[in-house]
Amino acid sequence: MRPYVRVVVALSLVTCTPPETPTVGPVPLPEPGSARGGPEIRIGLAVGAGRVEIAGDSGLQIVDADSTPAGDVSPGTVWTLRPAGAGLTATSPSGWRLGDQVALSFLPRSPAGLVLVNGRPYRGRVAVVRDRSGLTVVNVLDLESYLLGVVAAEMGRRDPSEVEALAAQAVISRTFAIRNLGKRATEGFDLYGTVVDQVYGGVTVENDLTTGAVQRTAGQILTWQGAPIDAFFFSTCGGRTADGTEVFAAAERPYLKSIRDVDGAGQPWCRISPRYQWREEWTADQLKTTLRRSLPGATGVSAEEAGTVSGVSVTGRTGSDRVASVTIQLRHGPVEVRGPAVRQVLNPVGESMLRSAVFRLTEYREGSRLLRLVAEGSGAGHGVGFCQWGAVGRARGGQDAYTILSAYFPGTSISRAY
């Protein structure tokens, strides 16, 4: 069994080289031990907000930017914060007003108290800061409390038979958070509470099953040579994950390699996902509208030129059979789109990007005229690292969290961060 390591939380992204004797088989479980709440983490709940409502179930103390007490919020009372000039104002229902503030923090009066931001409850404390375009709202809390609202939001409500997938997600999300502490420091927090980093829903989404999974794995992270790994995760792989460099140019890691993610019968573990198979279709007019919006930013062609599309074809694939490039035929010649930009350029009507890069394209024509373009694919997300629906399938199949983690991140080890 590998010794525990204490991980330094502020780490730069470095390219790791494999050790002479890599870990083989399931990731080892560390010996039992108590874990504290972990380091403090700052989650950006909103940026540029024009109005924020703050309340507390047990009452709140208001503290200004100099850590000086500035007022109180009685239980159930809602205060309204707005930008004002270079600062912000906070107004109570009775009309009492705190003005000319750069930042205000709201601390629960009770140790178990919650802060409500626009009606949504959060653990820890909340800071509201004036930013360039409005107000930045930051939830500050210990990492283990944060994870209660992450694992539940990322994995949704699951059956008890799937609890090992929740435990695996808890380790992944904890690793991601520790690896990325300070990532958004220039914006005044560590991570966004959205898919930009990892989804965080606060107290509202918490449930007993995910809370138990977080508590059972408290303090545990995945490491490579003693450092937290780049813990990439996504929804559905479609039967094979991607190499790190297929999606992220700097993600050359020994543990981020494509794996065939299937059971003993050759069936994808993630076939239970509602996103396992999908189909998107564009009429000629819809395709022109889509490309006028997406193609200029990706390739530099004009919106007018993008609207002359007469054909789209897959012209390159990665080692995991994901689309690496497409060629779009325009009036003045073909334009090639490569890498992750493919999903952004071919975004479905009303969506920001195509579900995954695992797809086939079919053109329907009348003579030389393009009538429709159809994409038929499988999976959802970038495909690198941990497949969430694959983990659920593996858990249903009887695998424990550490076997699941070792499948998606081969050669890594479980260590205690705190």
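Which residue just after α8 takes a positive phi? In this predicted model, that residue is G398, with a phi of about 100°. The helix before G398 makes a handy way into the structure, since α8 turns out to be well wrapped up. Helix α8 spans residues 388–396, and eight of its nine residues are buried, so the rest of the structure largely encloses this helix. The buried set runs through Q388, W389, G390, A391, V392, G393, R394 and A395. What do these buried residues pack against? Their partners are two helices met again below, α1 (143–155) and α2, together with α9 (401–408) and the strands β16 (233–234) and β23 (386–387).

One of the α8 residues, A391, also turns up among the contacts of F386. Setting aside neighbours within four places in sequence, F386 touches A165, A168, Q169 and I172, then F232, F233 and F234, and finally A391, I404, L405, Y408 and F409. F386 also belongs to the largest nonpolar core, which has 77 residues. Along with F386, the residues with the most contacts inside that core are I54, L81, F106, Y146, L405 and F409. Helix α2, residues 163–179, is the biggest giver here, putting 10 residues into the core. There is also a second, separate core of 24 residues, with L287, L295, V309 and F359 among its members.

Helix α2 has packing partners on record at two interfaces, one with α1 and one with α3. Against α1, the packing angle is about 125° and the axes lie 9 Å apart. That angle makes α1 oblique to α2, and α1 passes α2 in a right-handed crossing. On the α1 side, the interface is built from L143, E144, Y146, L147, V150, V151, E154 and M155. These meet A165, L166, Q169, A170, S173, R174, A177 and I178 of α2. Y146, then, sits at this helix interface and is also one of the residues with the most contacts inside the largest core.

The other interface pairs α2 with helix α3, residues 208–216, at an angle of about 55° and with the axes 8 Å apart. Here too the result is an oblique arrangement, because of that angle, and α2 passes α3 in a right-handed crossing. From α2, the residues involved are V163, E164, L166, A167, A170 and R174. They meet L209, T210, A213, V214 and R216 of α3. L166, A170 and R174 of α2 thus face α3 and also appear in the list of residues that meet α1.

Turning to the strands, six of them make an open sheet in the order β7-β6-β5-β2-β9-β10, with antiparallel pairing. Which strands stand at the edges? They are β7 (97–101) and β10; each has a single partner strand, so one side of each goes without a neighbour in the sheet. From one strand to the next, the twist averages 25°. Within this sheet, β2 (residues 52–56) and β5 (residues 79–84) are held in antiparallel register by three bridges. I54 sits opposite W79 of β5, and I54 is another of the residues with the most contacts inside the largest core.

A further set of strands brings together β8, β11 and β12. Strand β8, residues 103–108, runs antiparallel to β11, residues 125–130, and four bridges join the two. On the other pairing, β11 and β12 (residues 135–142) are antiparallel over six bridges, and these two strands form a hairpin with four residues between them. V128 of β11 ties the set together on paper: V128 stands opposite L104 and also opposite V137 in β12.

Two loop residues have backbone angles worth a look. S67 is not a glycine, yet its phi is positive, at about 65°. S67 lies in the loop between β3 (60–64) and β4 (69–73), and its relative accessible area of 59% makes it exposed. N118 is the other case, a residue other than glycine with a positive phi near 50°. The loop that holds N118 links β9 (115–117) and β10 (120–122). Is N118 exposed or partly exposed? N118 counts as partly exposed, with a relative accessibility of 49%.

Conventions. Residues numbered from 1 in each chain as written. Predicted model: local features only at pLDDT ≥ 70, side-chain atom pairs only at ≥ 80, totals over all residues. Heavy atoms only, no water. Core = buried A, V, L, I, M, F, W, Y, C linked by side-chain atoms within 4.5 Å. Buried < 20%, exposed > 50% of the residue type's maximum accessible area, 1.4 Å probe, protein only. Contact = heavy atoms within 4.5 Å. Pairing = 2+ DSSP bridges. Axes fitted to C-alpha atoms, helices over the stretch in contact; angles between N-to-C directions. Parallel < 35°, antiparallel > 145°, perpendicular 65-115°, else oblique. Left-handed = near helix turned anticlockwise from the far one by under 90°.
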